[in-house]
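User: I would like to go through this model step by step, starting from the overall fold and ending with the local backbone. Please reason each answer through before giving it.

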Amino acid sequence: DMSTLWQDSAGTVPVTAVEQPVGRILDKSGRGNHAIQATTTKRPVLQQDGNGKYYLAFDGVDDALQTGNIDFTSTDKMTVWAGITKLSDAVTGTVVELSASKNANNGVFALFAPLSGSPDISWYSKGTNERSASSTSESAPVTRVITGIGNISGDISSLRVNGAVVQTATADQGPGNFGNYPLYIGARAGTSLYFNGRLYSLIVRGAQTPLSQIEAAERYIKQKMRLP
């Protein structure tokens, strides 16, 4: 949505064309959880693919965005959708992560593409114990619609790829709700594990989502990306 994109973090210079940096993305929920990048050289760039669809290009070197703290402390359920193209399997790439690190904090989630230099796409949901679900053999370059589902009390950490469940972990995630942390996009804490690829769409919903709505959001993202 071009009307939500700004070249600077303050939101004074609109993005009007491809090849322009994106320093601020407005939160379309109306809750003010805008994603920003204050450092000029670390901003992803708006691009357009061969199908005419817009995406943010993350360079895998230093590009990243982050929000302020988002208060998810009233829920232990999470649904995250992302439309991505993964361009490299060389090192771990952070698509999105709640808090500066899932390793150091409780009540978090994360999506990596790839993970630890493997071709895997992996989703994590964590109360006090992190549980992962992965899609293997996703060798770059690969374009996917990803859905991560977390339910801390229900002990569910599930990953869907292109509308199909690929893995669900049901081991104990421990107690508690999700936390009050920044959302990091394209890098861990904005400083490491940089994503090398394209981000077409990102939706984060702090709630349990009915299957019909999950599938509707997946179809919407597929349509935006012109995937079959």
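## Fold, charges and backbone

User: Is K86 buried or exposed, and what is D89?

Analyst: In this predicted model, the side chains of K86 and D89 meet in a salt bridge, at 2.4 Å from N to O. Buried means under 20% relative accessible area. K86 meets that description, and D89 does too, so both residues are buried.

User: How many helices and strands are there in the protein chain?

Analyst: Residues 24 or more positions apart account for 62% of the contacts in the protein chain with a separation of 6 or more. The secondary structure of the protein chain consists of 1 helix and 16 strands.

User: What radius of gyration does the protein chain have, against the value for a compact globule?

Analyst: The C-alpha trace of the protein chain spans about 45 × 35 × 35 Å along its principal axes, and buried residues make up 50% of the 228 residues. For a compact globule with 228 residues the radius of gyration would be near 17 Å, and the value for the protein chain agrees with this, being 16 Å.

User: How far apart do the centres of the positive and negative side chains lie?

Analyst: The protein chain exposes about 9,600 Å², of which carbon and sulfur atoms supply 48%. Its charged side chains comprise 20 positive and 19 negative ones, and the centres of these two sets lie apart by 4 Å.

User: How many residues apart in sequence are the parts that the pair of R188 and E97 ties together?

Analyst: R188 forms a salt bridge with E97, in which the closest N and O atoms are 3.0 Å apart. R188 is in the loop between β15 (180–185) and β16 (196–205), whereas E97 belongs to strand β8 (residues 94–98), so the parts tied together by this pair are separated in sequence by 91 residues.

User: What are the relative accessible areas of R188 and E97?

Analyst: Both partners have to be set against the cut-off for burial, which is under 20% relative accessible area. R188 is buried at 12%, and E97 is buried as well, with a relative accessible area of 0%.

User: Which residue forms a salt bridge with E138, and is that residue buried or partly exposed?

Analyst: A search of the whole structure finds 7 salt bridges, and one of them joins E138 to R144, with the closest N and O atoms 2.9 Å apart. E138 counts as buried at 6% relative accessibility. Its partner has 24% relative accessibility, so the residue in question is R144, and it counts as partly exposed.

User: How far apart in space are S74 and G206, C-alpha to C-alpha?

Analyst: S74 is found in the loop between β6 (65–71) and β7 (77–86), and it is exposed, with a relative accessible area of 71%. Although S74 and G206 are 132 residues apart in sequence, their C-alpha atoms are separated in space by 8.7 Å.

User: Which residue does a cis peptide bond join to A113, and which does the cis bond from A140 lead to?

Analyst: The bond after A113 has omega of about 0° and leads to P114, which is placed in the loop between β9 (108–112) and β10 (121–126). In the loop between β11 (130–135) and β12 (142–151) lies P141, and the bond from A140, with omega near 0°, is cis and leads to this residue, P141.

User: What phi values do S137 and N162 have?

Analyst: S137 lies in the loop between β11 and β12 and counts as exposed at 64% relative accessibility. N162 sits in the loop between β13 (156–161) and β14 (164–169) and counts as partly exposed at 30%. Neither S137 nor N162 is a glycine, yet phi is positive for S137 at about 60° and for N162 at about 50°.

Conventions: Residues numbered from 1 in each chain as written. Predicted model: local features only at pLDDT ≥ 70, side-chain atom pairs only at ≥ 80, totals over all residues. Heavy atoms only, no water. Salt bridge = Lys/Arg side-chain N within 4 Å of Asp/Glu carboxyl O. Buried < 20%, exposed > 50% of the residue type's maximum accessible area, 1.4 Å probe, protein only. Helix = DSSP H or I, 4+ residues; strand = E, 2+ residues; numbered from the N terminus. Rg over C-alpha atoms; globule rule 2.2 N^0.38 Å. Contact = heavy atoms within 4.5 Å. Areas by Shrake-Rupley, 256 points an atom, 1.4 Å probe, with all protein chains shown as cover. Lys, Arg positive; Asp, Glu negative; His and termini not counted. Charge placed at Lys NZ, Arg CZ, Asp CG, Glu CD.
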